[in-house]
Every structure is written in C-alpha cells, then in structure tokens.
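This report walks through one protein model, part by part. Please keep the sequence and the structure in view while reading.

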Amino acid sequence: MYDYTPRPDLLAGRVILVTGAGRGIGAAAAKAYAAHGATVLLLGKNEDNLNRVYDEIEAAGHPQAAVIPLNLEQAQQNQYNELAAMIENEFGRLDGLLHNASILGPRTPLEQLTGEQFMQVMQVNVNAMFMLTSTLLPLLKLSEDASIVFTSSSVGRKGRAYWGAYAVSKFATEGLMQVVADEVDGITQVRANSINPGATRTAMRALAYPGENPASNPLPEEIMPLYLYLMGPDARGVNGQAFDAQ
Ligand code: NDP
C-alpha cells in the first residue's frame, strides 16, 4: 500500500464531493474523508446506497454528509449547473473532488463492441467527468487548497485486449487529468492527479474477474492512504502525477 499515515484532523473544514460514493471504493473514500473531518457530498445513481453511507457517517459521529442522487449517464448541463449552485449556496465552498464513479462495460473484442456500448461507457466514465470538472472548477479555484483526484486503472496506462471502451475511457481520464493539471499549474491552488487503485475487492472487480477468489484482493478500506494523502494539505504542490494506490 501507499505509505502514508494521515493525522486524524487532516481534512477538517473541507467540503469534498465523491462520485460513486454509494458502494465500493467510493464509499470507502467518502467514509475515510468524513472520518478525517471533511463534510462529504455523496453523489451516485442509487439513492439507497448513498443513504446507507450517509447513515454510517452519521452513526460514527463524523461531520454530517449530504446525499446527491444523480445518474451520470443521463445528467444534462443544467443539472451540473444546479449542482454547482447548490454547493455554493449550502456549503459555501468546495475543496475536493474525487472522480470515482465508473462502469466496466462489456469485456469483448473491439469488433463485437457496439457503438452504443462504447458510447455508454464513455458517457459515464469520461463525458460526465468532464462536465463535473468544468462546472465545479470555478468553485474549486476559490478554495485555498483544492484537490481533484481522477480514478484511472492499469488499462488506462497501457491498453489491453478485450478491455474495450473501459481502457479507452481510462486513457481519457489520464488525459483530462493532465490537461486540468497543466491549466492550473502555478496559477491557482488547485491540483489534479490520478490514482490507479489496483485490484480491489468490489463488485466491479468481481464482474471483470468472475473466476477469481475475491479474498485475494484488498478491501477498499485498505487502499485509502493514497486517497487521503492526495486530498489533504500534505499533497500541496503535487500536480499532474499518476499514482498507484498499491
Ligand atoms: P463499483 O462497480 O463497485 O462501484 C461503481 C460506482 O460507480 C458505484 O458507486 C456506482 O453507483 C457508480 N456509478 C456507476 N454508474 C453510475 C452512474 N450512471 N451515475 C452515477 N454513479 C454511477 O466499482 P469500484 O468501486 O470497483 O471502482 C471505483 C473506481 O475504481 C472506478 O473508477 C473503477 O474504474 C476504478 N478501478 C477499480 C478497480 C478494482 O479492482 N475495483 C481497479 C482499477 C480501477 P451506484 O451504487 O449508484 O450504482
């Protein structure tokens, strides 16, 4: 695991939006951020999952979270605008954005991947991420120390057969991270970096590797040191880099 020990109040006073916060790695990150003092905005498609994470954060006595149900496959520009306005009005700031929500799409040879399947993956994994980034950047730029964390994959750094749209979407993720990082470099207190979580025990991993023993991979909670490091002030000045959580 990435070697970092966060102090308990690492994220005190910060407001952090996590996409795909209802389960898997996103839920672990949301709870880890809240446990370190952040007010976490839980965005996802399934409201029941988000409510469950909200309740866990409340029961643990961490800062009260907020639930933002949004289907990233269907969201339109006006919904992103409303989201930015809501965050500004109700929280007055945004210090962190974890782009975590993704879908795997079919794992199949390119010839068998339909245009519709390809575009669905790109819509959730890339287009929605761009929409969120561009709409929320003005708010992030007002923070004295803001962090955007993008979620990549090993197939977002080297393409691999049958990983189709998902691999392409993760290359685009690295690309968007680099463009954002270069645009903010030296001008604002915003930084942008990417994380490859590595094999992690979630529903997506089980879908991609049905024959694998899930217990052979770490739990999402175990890969949190890097997620905390990049979100907090110890990573100030770290910009445009691609990290591995394991
Ligand atoms: P899961 O499949 O377990 O969780 C995916 C999350 O994305 C869910 O919270 C889901 O929300 C959300 N999501 C999916 N579609 C939408 C949508 N249309 N609108 C809003 N939210 C949506 O994935 P993991 O936790 O495993 O993966 C998290 C990230 O890590 C992803 O970016 C993935 O590509 C990456 N990754 C994971 C690896 C692993 O081994 N697990 C390895 C490498 C990268 P909901 O509950 O509402 O459906």
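## A covered helix

In helix α7, the buried residues are M224, L226, Y227, L228, Y229, L230 and M231. The model is a predicted one, and in it α7, which spans residues 224-231, is mostly covered, with 7 of its 8 residues buried. Among the elements that cover the buried residues of α7 are the strands β1, β4, β5, β6 (190-196) and β7 (242-244), together with helix α1.

## Strands β1, β4 and β5

Two of the strands that help to cover α7 are β1 and β4, and these two also pair with each other: strand β1 (residues 15-19) runs parallel to β4, and the pairing is made over 3 bridges. Within this pairing, L17 stands opposite L97 in β4. Strand β4 also pairs in the parallel sense with strand β5 (residues 146-151), here over 4 bridges, and G96 stands opposite S147 in β5. Between β4 and β5 the chain passes through α4, and this β-α-β crossover is right-handed.

In a regular strand, side chains alternate between the two faces of the sheet. Strand β4 (residues 96-99) can be read in this way, since G96 and L98 point one way while L97 and H99 point the other way, and all of them are buried.

## The nonpolar core

Which residues have the most contacts inside the largest nonpolar core? This core has 73 residues, and those with the most contacts inside it are I16, V18, A29, A30, Y33, V40 and L42. Helix α4 (residues 115-140) contributes the largest share of this core, namely 10 residues.

A30 may serve as an example of how such a residue is placed: when residues up to four places away in sequence are not counted, A30 touches V18, A21, V40, L42 and V53.

## Around the ligand

The ligand has 27 residues around it, and of these G20, G24, K45, S102 and T202 come nearest. Sorted by character, the residues of this shell divide into 9 nonpolar, 14 polar and 4 charged. Helices α1 (24-35) and α6 (203-208) each supply at least two residues of the shell.

## Three loop residues

G198 is found in the loop between β6 and α6. Why does G198 count as partly exposed? A residue with 20 or more other C-beta atoms within 10 Å is buried, and one with 12 or fewer is exposed; G198 has 17 such atoms within 10 Å, and therefore it is partly exposed. Apart from residues up to four places away in sequence, G198 touches I223, D244, A245 and Q246. By contrast, G198 and F91 are 33 Å apart in space, C-alpha to C-alpha, and 107 residues apart in sequence.

E73 has its place in the loop between β3 (66-69) and α3 (77-91), and it counts as partly exposed because it has 14 C-beta neighbours inside 10 Å. Leaving aside neighbours within four places in sequence, E73 is in contact with Q120, Q123 and V124, while E73 and N49, which are 24 residues apart in sequence, are 17 Å apart in space from C-alpha to C-alpha. Y162, in turn, lies in the loop between β5 and α5 (164-184), and with 14 C-beta neighbours inside 10 Å it too counts as partly exposed. Most residues other than glycine have a negative phi. Y162 is not a glycine, yet it has a positive phi of about 70°.

Key
Residues are numbered from 1 along each chain as its sequence is written. This is a predicted model: local features need pLDDT of at least 70, side-chain atom pairs count only at pLDDT 80 or more; totals for chains, interfaces and linings use all residues. A residue is near a molecule or strand if its C-beta atom, placed from the backbone, lies within 6 Å of it. Ala, Val, Leu, Ile, Met, Phe, Trp, Tyr, Cys and Pro count as nonpolar, Asp, Glu, Lys and Arg as charged, and the others, Gly among them, as polar. A nonpolar core is a set of buried Ala, Val, Leu, Ile, Met, Phe, Trp, Tyr and Cys residues joined through C-beta atoms within 7 Å. Two residues are in contact if their C-beta atoms, placed from the backbone, lie within 7 Å. Two strands pair if DSSP finds at least two bridges between them. A crossover is right-handed if, with the strands pointing away from the viewer, the path from the first strand over the helix to the second runs clockwise.
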